[in-house]
Amino acid sequence: TGPDGGTAGDNNWTYTNTDMMDGVTLMLHFQPSGGTADVKSTTEYGIKYTGIEGLDVGFAAGDNESAAAVVENTVMYAKYAIDAFTIGVQDNSTDSETANADSDFRAYGVSYAVNDDFSIGYSYHEYETEVTTDQDQESTGVSFSYTSGGMTLGGAMNEVESMDGVATGDYEGYEFNLSFAF
């Protein structure tokens with residue numbers, strides 16, 4: 001997590017510091033106004049913490065004034081791995097000066113390594129927009145992977161309700177893969 005480097009242009013700078021404190025990374029990015037109506041400033045910052053074994057937590061935010069309307073973004077996430085489990089959550093929010101352009105996204109996931117060869121996972125996410133006619137999009141997924149020697153068998157079942165905010169946009173998908181390494 002962190003600034004994505006902002007918009008392209010002259011005189012921008014990005015700063016990353018990993019020496020502040022053990023396990024803390026600070027990231028900053030600034031793109032100044034180019035003096036024209038087309039290029040306005042962008043400011044982004046983020047912080048990440050990995051100082052506890054198995055824990056990865058981050059936050060990033062930014063204001064992008066390079067579009068016709070200012071857009072503010074925030075991202076927060078946490079991932080924790082303990083024994084055979086890995087659990088994660090992410091929350092994104094977009095706030096735009098443009099009417100009906102705000103959105104929120106939240107996702108959760110958990111995976112479990114049954115043994116060295118077999119693992120399973122579950123994920124859920126929801127996406128909301130402020131457009132009153134839109135339905136909130138929700139997705140779920142279940143996956144597995146099994147490895148034996150040079151063979152890997154994997155699969156997933158995914159379901160989405162109200163894709164793109166359309167009430168009739170319900171879909172299901174299944175995938176199975178078999179690969180061999182020689």
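# Exercises on a stranded sheet

Thr42 stands opposite Asn64 in β4. The model is predicted: local features need pLDDT of at least 70, side-chain atom pairs count only at pLDDT 80 or more, and totals for chains, interfaces and linings use all residues. Residues are numbered from 1 along each chain as its sequence is written, and side-chain values use heavy atoms, with hydrogens and water left out.

**Exercise 1.** State which strands hold the Thr42 and Asn64 match, and give the number of bridges.

Solution.
- Fix the terms. Strands are DSSP runs of E with at least two residues, numbered from the N terminus. Two of them pair if DSSP finds at least two bridges between them.
- Locate the strands. β3 covers residues 42-49 and β4 covers residues 55-64.
- Read the pairing. β3 and β4 run antiparallel over eight bridges.

**Exercise 2.** Give the strand order of the sheet and name its edges.

Solution.
- The order is β1-β2-β3-β4-β5-β6-β7-β8-β9-β10-β11, in an open sheet of 11 strands with antiparallel pairing.
- The edges are β1 (13-17) and β11 (171-180), which each pair on one side only.
- From one strand to the next, the twist averages 10°. Strand axes are lines fitted to C-alpha atoms, and angles run from 0 to 180 degrees between N-to-C directions.

**Exercise 3.** Describe how β8 pairs with β7 and with β9.

Solution.
- Take β7 (residues 103-113) and β8 (residues 118-129). They pair in the antiparallel sense over 11 bridges.
- One match there puts Ser103 opposite Thr129 in β8.
- The connection is a hairpin of four residues from β7 to β8.
- Now take β9, residues 137-148. β8 pairs with β9 over 10 bridges, again in the antiparallel sense.
- Tyr124 has Thr140 in β9 as its bridge partner.

**Exercise 4.** Classify two aromatic pairs and explain what they join.

Solution.
- Set the rule. Rings of Phe, Tyr and Trp (its six-membered ring) pair if their centres lie within 6.5 Å; planes under 30 degrees apart are stacked, over 60 edge-to-face, the rest tilted.
- The whole structure holds five aromatic pairs. Among them is Tyr45 with Phe59: 6.3 Å centre to centre, 45° between the planes, tilted.
- Tyr45 sits in β3 and Phe59 in β4, so the pair ties together parts 14 residues apart in sequence.
- Check exposure (buried under 20% relative accessible area, exposed over 50%, partly exposed in between, 1.4 Å probe, protein chains only). Tyr45, at 41%, is partly exposed. Phe59 is partly exposed at 28%.
- Tyr108 and Tyr124 have ring centres 6.3 Å apart and planes at 25°, so this pair is stacked. It links Tyr108 in β7 with Tyr124 in β8, 16 residues apart.
- Tyr108 is partly exposed at 40% relative accessibility.

**Exercise 5.** Is His125 buried or exposed, and which residues does it touch?

Solution.
- His125 lies in strand β8. Its relative accessibility is 17%, so His125 counts as buried.
- A contact means heavy atoms within 4.5 Å. Not counting residues up to four places away in sequence, His125 touches Phe105, Arg106, Ala107, Gln137, Glu138 and Ser139.

**Exercise 6.** Place Val114 and assess the model's confidence.

Solution.
- Val114 is in the loop between β7 and β8. With 39% relative accessibility, Val114 is partly exposed.
- Val114 and Tyr146 are 32 residues apart in sequence and 9.9 Å apart C-alpha to C-alpha.
- pLDDT is the predictor's confidence in each residue, from 0 to 100. The chain averages 85, and 87% of the residues score at least 70.
- Over residues 1-7, pLDDT stays under 50; the model has 26 contacts for them beyond four places in sequence.
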